[in-house]
Amino acid sequence: MEYNRLYLNLKRNYFSERYIMANYIVLGTWNTKYEELDFLCEEIRRRSHQPIPLDLSTKKTTDTRNIAVRQSISRAKAKLKEIAKKKHISGVISVGGGTNLFMATKLMDDIPLFVPKIIVSTMIVNSIHNFKPYKDILYFQSPCDFGMLNPLTKSLLTNCVTILTSTREGLPKPDKPSIAITGFGITNGCFQAVKNFWSKKDFHLVPFHAIGENTMAMAELIRMGFFKGIMDLTLHDVMDHIAGGAYGKIDKNRLYAYLSKDLPAVIAPGGLDTIAFPDGHPSLPLFKKRKTYHHDFRWGIKANKEELIKAAKWIGNILKETHPKNLIILIPLRGWSYPGEKGREFHDPELTSLFMKWIKKFYKENSVIEVDHSINDPEFGRVASDHLYHLIMNAQ
């Protein structure tokens, strides 16, 4: 895959101590922000490193600005691949306004996790929620605009280069194997029991918030070979993806990353009964007839049968494509979330039965196991951990 080739080229410099001088990509629109971009390059050189300018300026065209911007992104992505084949890249930095922020996030999609990435912009606070990148990008909201280098921007950009060039760790090499676990505020009740289990087994446990921006990062780390097993106990982001919730920016790689590798995994439908939105979200009025749960500044909306069937099919089609052997699906019968527990807003045994019926159409029935606990019950966490541990041991 092109991604893997790019990662290996970047990784070669990133983890090798024999390269004294590091190469840093400097992204930006030189036609409008050349003073700041040239200053970044000079600051990198002053630290005995090599800046690699990558111009995102749009070309004059008869097309719309939107098309011109996307053409510039495509050209820059191609150039980035060429650079990565020839040089060892240790980090990326970008500075500019709203258009540059959009372009820089798209370019940084092609840079692996744990390679330092910094974006400086005046538009971060009011714009970044529109792009929702999952990459580990460090954002600096600038107190003033760019286009005229001044003492304020010099100070800010100097600090950013200092951070960029001093961040050299890269993807850690853990001293013991790691397990990934997904959770959400309404599904985390079993986490302490899970943590205790894996601590005794001498494994690291790495939690991921079941929102697309975090679980897609988990998927990339899985592709990079970081995890020994997966406890995917919360699929809330899948429901948001299906039903248009606020936290569902995922694609099929969310599950495909580990199912296609047949990595030992336990799946549970934690949070699959809930669609989530923050206060004031424009889609909230569309669900005014549904049962709701007010968590904090976020609202949970009870998923209906049609949405649950769609989610089961979405999951099932990935199972059908990947044919995993080292997978167990656990169904907590006493609730998939805090509001889904008996006596609370979303409790609905019919949804539980419906999900089991549909998921068994796509996966072997003897590996879809009912558990007479809530997702939040510590005992459910111990049962799930025990299943995954046996899968890992049997796969060795």
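**A walk through the structure**

Let's start with a single residue: tyrosine 34 is partly exposed, because its relative accessible area of 42% falls between the 20% and 50% cut-offs. Keep in mind as you look around that this is a predicted model. Tyrosine 34 sits in helix 2, which covers residues 30-46. Now find leucine 149. In sequence, tyrosine 34 and leucine 149 are 115 residues apart, yet in space their C-alpha atoms are 9.3 Å apart.

Stay on helix 2 for a moment, and look at glutamate 42 and arginine 45. Their side chains meet in a salt bridge, with an N to O distance of 3.6 Å. What should you know about salt bridges in general? Side chains of opposite charge can pair when their charged atoms come close. Glutamate 42 and arginine 45 are three residues apart in helix 2, so about one helical turn separates them. Glutamate 42 counts as partly exposed at 43% relative accessibility, and arginine 45 counts as partly exposed at 43% too.

How many salt bridges does a search of the whole structure find? There are 17. One of them joins glutamate 321 to lysine 252, with the closest N and O atoms 2.9 Å apart. This pair links distant parts of the chain, since glutamate 321 belongs to helix 11 (residues 305-322) and lysine 252 to the loop between helix 9 (236-243) and helix 10 (253-259), 69 residues apart. As for exposure, glutamate 321 is partly exposed with a relative accessible area of 43%, and lysine 252 is partly exposed at 36%.

Another salt bridge connects aspartate 296 with arginine 298, and here the closest N and O atoms are 2.6 Å apart. Are these two residues buried or partly exposed? Aspartate 296 is partly exposed, at 33% relative accessibility. Arginine 298, at 17%, counts as buried, because the cut-off for buried is under 20%. Salt bridges can also share partners, and that is how Glu43, Arg46 and Arg47 are joined into one network.

Arginine 298 also takes us to the next stop, as strand 12 covers residues 298-302. Strand 12 is part of an open sheet of three strands, ordered 10-12-11 and paired antiparallel. Why do strands 10 and 11 each have one side without a neighbour in the sheet? Strand 10 (274-278) and strand 11 (292-294) stand at the edges, and each has a single partner strand, so one side of each is left free of a neighbour in the sheet. Going from one strand to the next, the twist averages 25°. Zoom in on strands 10 and 12 and you'll find five bridges joining them, with the two running antiparallel. To pick out one residue, alanine 276 has glycine 300 in strand 12 as its bridge partner.

Our last stop is the largest pocket, which has a volume of about 290 Å³. Its lining is made up of 15 residues, and the ones nearest its centre are Asp109, Tyr134, Met216, Lys249 and Asp251. Which elements give two or more residues to this lining? They are helix 4 (98-108) and helix 8 (212-223). Helix 8 supplies the largest share, with four residues. Sorted by class, the lining of the largest pocket has seven charged, five nonpolar and three polar residues.

Notes
Residues numbered from 1 in each chain as written. Predicted model: local features only at pLDDT ≥ 70, side-chain atom pairs only at ≥ 80, totals over all residues. Heavy atoms only, no water. Pairing = 2+ DSSP bridges. Axes fitted to C-alpha atoms, helices over the stretch in contact; angles between N-to-C directions. 1 Å grid on protein atoms, 1.4 Å probe; cavity = no way out; pocket = protein on both sides within 12 Å on 5 of 7 lines; lining within 4 Å. Points joined across faces, edges and corners; volume = space filled by probe spheres on them. Nonpolar A, V, L, I, M, F, W, Y, C, P; charged D, E, K, R; others polar. Buried < 20%, exposed > 50% of the residue type's maximum accessible area, 1.4 Å probe, protein only. Salt bridge = Lys/Arg side-chain N within 4 Å of Asp/Glu carboxyl O.
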